[in-house]
Every structure is written in structure tokens, then in C-alpha cells.
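Here is a guided walk through one protein chain. Keep the sequence and the 3D view side by side as you read.

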Amino acid sequence: MSEIKAPAFKDTAEQCAKLMEVIEKHKGADGALIPVLHEAQEIYGYLPYEVQKKISEGLDIPMAEIYGVITFYTQFSIYPKGEYNVAVCLGTACYVKGSGDIIEKIKERLGIDVGQCTDDGKFSLDATRCIGACGLAPVLTVNDDVYGRLTVDDVDDILNKYMS
């Protein structure tokens, strides 16, 4: 698929003020980066370059270190999530039962790749590792809804539920 394109970053004065409060609260504390990243992601929904830069300057931590932490831990995202976050399990049980084909069908249907968000902000797509529902393999989630024992033919019906 195509290169991941993030929408233009939009910051509000309220979000910026909240982030500065978070940075000040943790400034100088050992291990401050991860709590600041968690709180920043709660404020913005993701951690774009501009937010990383503010954190880097505020905590006096190199951008490379911040980027390394964000990309290492799966709970952090540098791209926005859609209203409906579709996550397909690619753990062993799911993969051997066809989750690779399911994720390909979703990519084709939504016109996005893993890590991307549709232009309208409605859907985003993630690949996950085992979510602990191996007995239902293959599994996907849409936000908190879990769908199991899937085939490629189930994808359209599932996505259609969230299209309206």
C-alpha cells in the first residue's frame, strides 16, 4: 500500500496548556517520559511530531529517545486513530487460521494500510499480537467489540455495521 500520511496537526490552546501542565508536573522526576507520553496521548489521541518536540524541549530529552520509546511500546501511536479502530490479531493461532487474509481484505475495503486512518477519520487499522482469544481464532476487534471464528467473507458484514 502507500506511505502512511498523517493529517495536518491541529493544536488548541487548551490542549497545549494541558500538555505544559503535564510536563511541569513530571519535570525532573526519574522515569518521567512514559507517564508524560501516556498523558499527552490522552490529551491529543496520538503523539505527532509536534507533541514529541514539546515533550523533548520540556523534559530536555532527545527526540531520538522519545521516538524510540513511542515506537517500541504498542500502546503509543504517532498516527491518529479513527472513530472505529479495527484491530486484527496476527498471533499464531489467528494467523494459521487466516487472519492474514482477513487483514488484507480490510486493507482493500478501507483503502488504508496497517497504522493508517481513513481520510474521513472513521476507521483506522491495526495489527495486534495475541489478544488472548485463541479459541475464537481468527479474531478482530472494532473498538471494544470482538468478532471471532472469522472468514474473509465476514469482513464486509462487520465493516458495514459501522459504516452508517
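Begin with a term. Two rings of Phe, Tyr or Trp count as a pair if their centres lie within 6.5 Å. Planes over 60 degrees apart make such a pair edge-to-face. With that in hand, look at Phe 72, Tyr 73 and Phe 76, which form one aromatic cluster. The model that holds them is a predicted one.

A search of the whole structure finds 5 aromatic pairs. In one of them, the ring centres of Phe 72 and Tyr 73 are 4.9 Å apart, and the planes stand at 90°, so this pair is edge-to-face. Tyr 73 also pairs with Phe 76: the centres are 6.5 Å apart and the planes are at 85°, so this pair is edge-to-face too. How do the three residues of the cluster sit relative to the surface? Phe 72 is exposed, because its relative accessibility is 61% and the cut-off for exposed is over 50%. Tyr 73 has a relative accessible area of 34%, so it is partly exposed. Phe 76 is buried, with just 6%.

Now step back to the whole chain. It has 7 helices and 4 strands. Read from the N terminus, their order is α-α-α-α-β-α-α-β-β-β-α. The C-alpha atoms fill a box of roughly 50 × 30 × 25 Å, taken along the principal axes. The chain has 164 residues, and 44% of them count as buried. Its accessible surface comes to about 9300 Å². Carbon and sulfur atoms account for 51% of that surface.

Contacts along the chain can be sorted by sequence separation. Take the contacts between residues at least 6 apart in sequence; 61% of these join residues at least 24 apart. Charges can be surveyed as well. The chain carries 16 positive and 26 negative charges. The mean positions of the two sets are 3 Å apart.

Next, go to helix α3, which spans residues 49–59. Its buried residues are Val 51, Gln 52, Lys 54, Ile 55, Ser 56, Gly 58 and Leu 59. What do the buried residues of α3 pack against? Their partners are α1 (13–26), α2 (33–44) and α4.

Pause at Ser 56 in this helix. Its relative accessibility is 10%. That makes Ser 56 buried, because the limit for buried is under 20%. The side chain of Ser 56 reaches the backbone oxygen of Ile 61 at 2.6 Å. Set aside the neighbours within four places in sequence, and Ser 56 is in contact with Ile 61, Pro 62, Met 63 and Ile 66.

Follow the chain out of the helix. Just after α3 comes Asp 60, with a positive phi of about 55°. Asp 60 is not a glycine, yet its phi is positive. The residue lies in the loop between α3 and α4 (63–72). Is Asp 60 buried or exposed? It is exposed, with a relative accessible area of 71%.

Asn 143 can be read alongside Asp 60. Phi of Asn 143 is near 55°, again a positive value in a residue other than glycine. Asn 143 sits in the loop between β3 and β4 (145–147). Its relative accessibility is 37%, so Asn 143 counts as partly exposed.

Move now to the loop between β2 (123–128) and β3 (140–142), where Pro 138 is placed. Ala 137 and Pro 138 are joined by a cis peptide bond. Its omega is about -5°.

Pro 138 leads to another part of the sequence. Its C-alpha atom is separated by 7.1 Å from that of Cys 89. Along the chain, these two residues are 49 residues apart. Cys 89 belongs to strand β1, residues 84–89. It is buried, with a relative accessible area of 3%. What is Cys 89 in contact with, leaving aside its neighbours within four places in sequence? The list is Cys 94, Ser 99, Thr 128, Arg 129, Cys 130, Ile 131 and Val 139.

Conventions:
Residues numbered from 1 in each chain as written. Predicted model: local features only at pLDDT ≥ 70, side-chain atom pairs only at ≥ 80, totals over all residues. Heavy atoms only, no water. Helix = DSSP H or I, 4+ residues; strand = E, 2+ residues; numbered from the N terminus. Buried < 20%, exposed > 50% of the residue type's maximum accessible area, 1.4 Å probe, protein only. Contact = heavy atoms within 4.5 Å. Areas by Shrake-Rupley, 256 points an atom, 1.4 Å probe, with all protein chains shown as cover. Lys, Arg positive; Asp, Glu negative; His and termini not counted. Charge placed at Lys NZ, Arg CZ, Asp CG, Glu CD. Phe/Tyr/Trp six-rings, centres within 6.5 Å; stacked < 30°, edge-to-face > 60°. Polar contact = N/O pair within 3.5 Å; in protein donor to acceptor, adjacent residues only side chain to side chain.
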